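Hi,

Here is the structure I promised you. Please open it alongside this note; what I found follows below.

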Amino acid sequence: MEHAEFNNHLIEFLNASPTPWHAVATMKQRLDEAGFKALDEKEDWNLEAGEGYYAIRNGSSIVAFRTGRRDVAEAGIRMVGAHTDSPCLKVKPNPELRRKGFFQLGVEVYGGVLLNPWFDRDLSLAGRVTYVDGSGRVSDTLVDFRKAVAYIPSLAIHLDREANSNRTVNPQTDLPPVLMQVPEDDTTAFSDLLSEQLSREQPGIELRKILGYELGFYDAQPASFVGLRDDFIASARLDNLLSCYIGLQALIDSSGDEPALLVCNDHEEVGSMSAEGAQGPFLSSVLDRWCGKSRARAIARSMMISADNAHGIHPNYMDRHDENHGPILNQGPVIKVNHNQRYATNSRSAALYRHISDELDLPYQTFVVRSDMGCGSTIGPLTAANLGVTTLDIGVPQFGMHSIREMAGTRDGVTLFRVLRAFMQREEVL
Ligand SMILES: [Zn+2]
């Protein structure tokens with residue numbers, strides 16, 4: 001795939017995927033178009049050699065794989081992992097707030113949100129809604145308001161003279177977004193607004209009653225190329241939809257000769273401990289059903305590449321990186337090393353990545369955190385420990401991780417894609 005085509009599709013992918021449910025729906029659509037077959041966890045699976053399949057759990061996590069043309073016990077599985085969720089503000093169960101005639105919604109902070117950038121943005125709202133339909137069945141559907149329906153205005157500097165030196169954000173009191181102005185006797189329920197939106201989006205839907213939802217606010221500004229020479233992409237959710245997109249393209253574009261797999265989990269940003277998170281049994285269950293008694297042998301020949309963005313060195317804050325380990329945007333994906341196992345990389349998995357990159361003449365960088373700073377983590381160590389699979393942690397370098405708008409280089413994503421595609425069709429990985 002050409003560089004420009006890759007990035008244009010990336011931007012479409014990001015814009016179509018404001019929540020983990022939308023991201024999985026977008027991936028499902030691409031997999032369907034590429035001839036992969038849907039598997040239902042409730043049913044029996046009859047997997048055939050040389051085919052592509054996928055399973056979805058909770059609508060927000062997905063495992064897609066190619067069975068390959070060789071026995072999985074002899075071939076092993078080339079695995080890539082990423083996460084579908086991003087830090088954001090989620091709507092509370094009883095969210096309505098009415099103050100001075102403003103209708104606002106109470107929000108819960110999901111994950112490690114960088115809060116300041118959420119002020120003064122055109123916010124939209126999307127997620128999953130669960131309802132009773134006309135025939136009394138409980139069903140789920142996705143909703144996306146698309147337009148800017150909410151806003152969190154900053155407090156003016158005149159009302160807070162220390163705003164530039166000393167402003168902190170109280171997530172309970174400072175964040176409820178403003179949706180509209182209402183009369184004093186207003187009794188609008190948020191579920192009424194949701195019903196109206198669903199009827200607009202899906203006129204055919206038979207909606208008796210909304211019983212629940214999981215909705216997050218997001219920046220209505222679409223992803224875009226940025227910079228005098230388009231060196232960068234700016235978007236919400238680059239962490240980690242960029243890696244989901246790269247892994248998906250690599251799997252779809254790979255030859256299908258070798259067993260290969262992509263897992264994209266929800267709930268990474270809150271520790272991965274859920275039925276569909278990386279600490280849960282989803283991937284393990286898929287591997288059991290695929291490999292059966294050969295699982296242990298297959299795993300011993302397999303490798304997992306856990307792709308999650310890295311921190312590029314910021315020219316205004318250069319002291320936050322070790323002097324020899326400051327990844328530069330557009331100089332290649334970043335192999336993440338932490339011997340304390342916050343990253344699962346070992347010298348063997350890193351070597352394979354470097355070797356494939358060298359063969360393709362593609363660049364890479366290596367990161368280790370400053371010795372006087374704490375280190376982030378990924379689904380890499382969790383998956384490595386759960387499955388017992390040799391793992392590499394890698395990621396495209398970016399700025400502003402967990403901001404409402406993040407920034408990455410336009411050349412690193414396509415590099416990682418090329419290496420992962422080569423990895424997925426490599427005859428031997430371990
Ligand atoms: Zn991440």
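The charged end of Lys 90 lies over the ring of Tyr 110, at 4.5 Å from the ring centre. Arg 289 does likewise with Trp 45: its charged end sits over that ring, 4.0 Å from the centre. Keep in mind that this is a predicted model.

Next, the aromatic pairs. The structure holds six. One of them joins Phe 190 and Tyr 213 edge-to-face. Their ring centres are 5.3 Å apart, with 80° between the planes. This pair links distant parts of the chain. Phe 190 belongs to helix α5 (residues 190–201), Tyr 213 to strand β10 (residues 207–219). The two are 23 residues apart. Both Phe 190 and Tyr 213 are buried.

There is an aromatic cluster as well. Phe 6, Phe 13, Tyr 245 and Phe 417 make it up.

Now the metal site. Which residues coordinate the zinc ion? His 83 does so through NE2, Asp 239 through OD, and Asp 308 through two OD entries, at 2.0 to 2.7 Å. Along the chain, the donors follow the spacing H-x155-D-x68-D. Asp 239 lies in helix α6 (residues 238–253), and Asp 308 in the loop between β14 (303–307) and β15 (310–311), so this pair ties together parts 69 residues apart in sequence. Both Asp 239 and Asp 308 are buried.

Why is the arrangement around the zinc ion irregular? The four donor atoms subtend angles of 51 to 136°. A tetrahedral site would need all angles between 85 and 135 degrees, so this one does not qualify.

Best wishes

Terms used. Residues are numbered from 1 along each chain as its sequence is written. This is a predicted model: local features need pLDDT of at least 70, side-chain atom pairs count only at pLDDT 80 or more; totals for chains, interfaces and linings use all residues. Side-chain values use heavy atoms; hydrogens and water are left out. Rings of Phe, Tyr and Trp (its six-membered ring) pair if their centres lie within 6.5 Å; planes under 30 degrees apart count as stacked, over 60 as edge-to-face and the rest as tilted. Helices (H or I, at least four residues) and strands (E, at least two) are DSSP runs, numbered from the N terminus. Buried means under 20% relative accessible area, exposed over 50%, partly exposed in between (1.4 Å probe, protein chains only). A charge sits over a ring if NZ of Lys or CZ of Arg is within 6 Å of the ring centre and within 35 degrees of the ring normal. Donors are N, O and S atoms within 2.8 Å of the metal (3.2 Å for Na, K and Ca); water is not among the atoms, so sites may look incomplete. Four donors count as tetrahedral if all angles lie between 85 and 135 degrees; four count as square planar and six as octahedral if opposite donors are over 155 degrees apart and all others between 65 and 115; anything else is irregular.
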